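User: I should like to learn how to read the packing of helices and the backbone exceptions in a model of this kind. Could you take me through the features one at a time?

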Amino acid sequence: PISEDEFRLMQYLGYFNEDGVDNEIDMFEYVECQLLRLNLVSAQTLFEIKKRFIELDLDGGKKVAKTEHSRIEHAVEYLKKLHTEMHEKKLLSRTRSVGEKRQSIDMLAEEERQRQAQLELNRSWKRIYKRSWFISACVFVAWLLSGIIFYSTWQGWDFWVSAYFTMQTGLSVGYGTPSEDDICYAPDELLSSGAWRYVKGEGMTYPSPAENGRGGCMAGDISKLFSVVLIVVGSSIIASTIGILAKNLMNPPGGWYKQLIQEEENNHFRKIAEETEGWIDDVYVYTKMYVSKGWVRSVLALISWLVVGALYGTQTNQRMSFVTGLYFAVSSVSTGGLESIKLLGDDTPSGDVRLQLNEFPGGNWFFLTGYLMGGIPLYAWALTEIASFFTRAMHEKWERDTLCTQISEDEFQLMDFLGNFNARNEDAGEVQGDGEIDMFEFVECQLLRLGNVSVTALFDIKARFIELDLDGGGTIEREELIGNGAESDDRIVYALAAMEK
């Protein structure tokens, strides 16, 4: 549902309303709002497109005219078909009686109440199994357990060693400690019944380096073959899981207006800080502004995680120097795996006798498993945010160049069937273009040019608008659109002032 705050901001979208807000939402405003909710475009981009339209509207008639067209029958017929479907929906809406409209309103209200109740139920722990992040987490845990079960059974490692090796293998870190070929040199009492014959059986051991070979055995190769499958499957699962979690956490539906409110609140306090004397309030305001930015949060989180890794290397039985500890932390979260841990005991001098795998303190494996599980997604998040920060300027230039690119004759002819629907020629039985482009059509065309949305998505949004426009008047009343129980944010005054400007 649309919240109260979102509705108030929506009224500054669409065509510019010279008389102020009117407490109604037309199709243009509704389409732009839904594109913002779907995170397909920013409010700034929408207003840049409209500014470009005003530049092209030389006579101030709110339309851009062009008379020459070429033949692109297939694309035009497709748009005409979509228009016909929308037109039939509008006719159906206009021919309904008052009783039918009231019934439709009641049905929509009941459906909305049921949907909200279902959403609340799905948010509860009783329906946690329906959440995408929970499903992804279960798949990830199943993948992790499969590796733990195999390595503990085949290699004879304990739980945390197996968990650590599954994690660093599946995430392609590749520390190399322990080695899967260690099974080839393990004593008989440590070999599982399944692996024994692939180690001790005739012809199962490969020539050693002294025999001009490489060493190893068939049991090690079987373990490596499983690891290959684990890497391929694990990379896909982990990438999907990170994507789903990032989308749910960073791009919730309808989050555009909350982000706008936050940005404009920051701009408001920044102006206050610039106008007042002293530096204390400046530090507070700018700290608050930058901490709210994604790239700052991600970099701070990554630095904190690297410090934890460096402290592990320098303050535990690994006894690394600070540079080596930092080297270990960075190569771990970046999946370089250039610095591995060493099986050193608490009382063992570095470089002296090393412990056996089963003698090494298990807390190290537990820490490394959790460190990789949290650090690699953090590193990926930070890289994404940093790349976005540096490419934003180039993207803005590309947007400006695209907006200024000359529209072709074919493109103009297709644009004429966008926006609000042109009049239907009842005699010919089809919709017709009017040879002019208004702001609604121009905005939709530029969004298509920028690749932010598809034609199908635009018409799906319009179809939803027609369903909500019960009286067929071309606008939706506030009461029909706003969801029940939505709380308003006092900080919206900053966003409203920015939209009005």
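**Reading helix packing and backbone exceptions**

Analyst: This is a predicted model. A helix contact is read from the residues that meet: M27, Y30, V31, Q34 and L35 in helix 2 are in contact with L458, I461, K462, R464, F465, I466 and L468 in helix 17. By class, this contact of helix 2 with helix 17 has nine nonpolar, one polar and two charged residues.

User: What is the secondary structure of the chain, and what share of its residues is buried?

Analyst: The chain has 19 helices and six strands. Of its 501 residues, 39% are buried. The chain exposes about 28,000 Å², and carbon and sulfur atoms supply 58% of that area. Among contacts between residues at least 6 apart in sequence, 68% join residues at least 24 apart.

User: At what angle do the axes of helix 2 and helix 17 cross, and what is the hand of the crossing?

Analyst: The angle comes from the two axes. Those of helix 2 (residues 27-37) and helix 17 (residues 455-468) come within 10 Å and cross at roughly 125 degrees. The two helices are therefore oblique to each other. The crossing of helix 2 with helix 17 is right-handed.

User: How do I recognise which residues of a helix point the same way?

Analyst: An α-helix has 3.6 residues a turn, so residues three or four places apart point the same way. With that in mind, consider the contact of helix 2 with helix 16: M27, F28, V31, E32 and L35 of helix 2 meet M439, F440, V443, E444 and L447 of helix 16. Eight residues of this contact are nonpolar, none is polar and two are charged.

User: How are helix 2 and helix 16 oriented, parallel or antiparallel?

Analyst: The axes of helix 2 and helix 16 (residues 439-449) come within 10 Å and cross at roughly 20 degrees. That makes helix 2 roughly parallel to helix 16, since angles under 35 degrees count as roughly parallel. Their crossing is left-handed.

User: Helix 16 and helix 17 also come within 10 Å of each other. Which residues make that contact?

Analyst: The axes of helix 16 and helix 17 cross at roughly 140 degrees, and the two helices are therefore oblique to each other. F440, E444 and L448 of helix 16 and V455, L458 and K462 of helix 17 make the contact. Its residues divide into four nonpolar, no polar and two charged.

User: How many of the residues of helix 2 are buried?

Analyst: Burial is judged residue by residue, with under 20% relative accessible area as the cut-off. Eleven of the eleven residues of helix 2 are buried, so this helix is largely enclosed by the rest of the structure. Among them are the charged residues E29, E32 and R37.

User: What is the relative accessibility of E32, and which residues is it in contact with?

Analyst: E32 lies in helix 2. At 1% relative accessibility, E32 counts as buried. Leaving aside neighbours within four places in sequence, E32 is in contact with L13, G14, L46, K50 and V443.

User: Let us turn to the backbone. Which signs of phi and which form of the peptide bond should I expect?

Analyst: Most residues other than glycine have a negative phi, and most peptide bonds are trans. Here the peptide bond from T177 to P178 is cis, with omega near -5 degrees. P178 is placed in the loop between helix 7 (159-170) and helix 8 (193-200).

User: Where do residues with a positive phi lie?

Analyst: One of them is N39, which follows helix 2 and has a positive phi near 60 degrees. N212, although not a glycine, has a positive phi of about 65 degrees; N212 lies in the loop between helix 8 and helix 9 (218-250). With a relative accessible area of 75%, N212 is exposed. T335, also not a glycine, has a positive phi of about 65 degrees and is placed in the loop between helix 13 (322-333) and helix 14 (362-404). T335 is partly exposed, at 27% relative accessible area.

User: How far apart are G156 and S192 in sequence and in space?

Analyst: Sequence separation and spatial separation are read independently. G156 and S192 are 36 residues apart in sequence and 6.7 Å apart in space, C-alpha to C-alpha. G156 lies in the loop between helix 6 (132-154) and helix 7, and at 47% relative accessibility it counts as partly exposed.

Notes:
Residues are numbered from 1 along each chain as its sequence is written. This is a predicted model: local features need pLDDT of at least 70, side-chain atom pairs count only at pLDDT 80 or more; totals for chains, interfaces and linings use all residues. Side-chain values use heavy atoms; hydrogens and water are left out. Axes are lines fitted to C-alpha atoms, for helices over the stretch in contact, and angles run from 0 to 180 degrees between N-to-C directions. Helices (H or I, at least four residues) and strands (E, at least two) are DSSP runs, numbered from the N terminus. Angles under 35 degrees count as roughly parallel, over 145 as roughly antiparallel, 65 to 115 as roughly perpendicular and the rest as oblique. A crossing is left-handed if the near helix is turned anticlockwise from the far one by less than a right angle, and right-handed if clockwise. Contact means heavy atoms within 4.5 Å. Buried means under 20% relative accessible area, exposed over 50%, partly exposed in between (1.4 Å probe, protein chains only). Accessible areas come from the Shrake-Rupley method with a 1.4 Å probe; for residues, only the protein chains shown count as cover.
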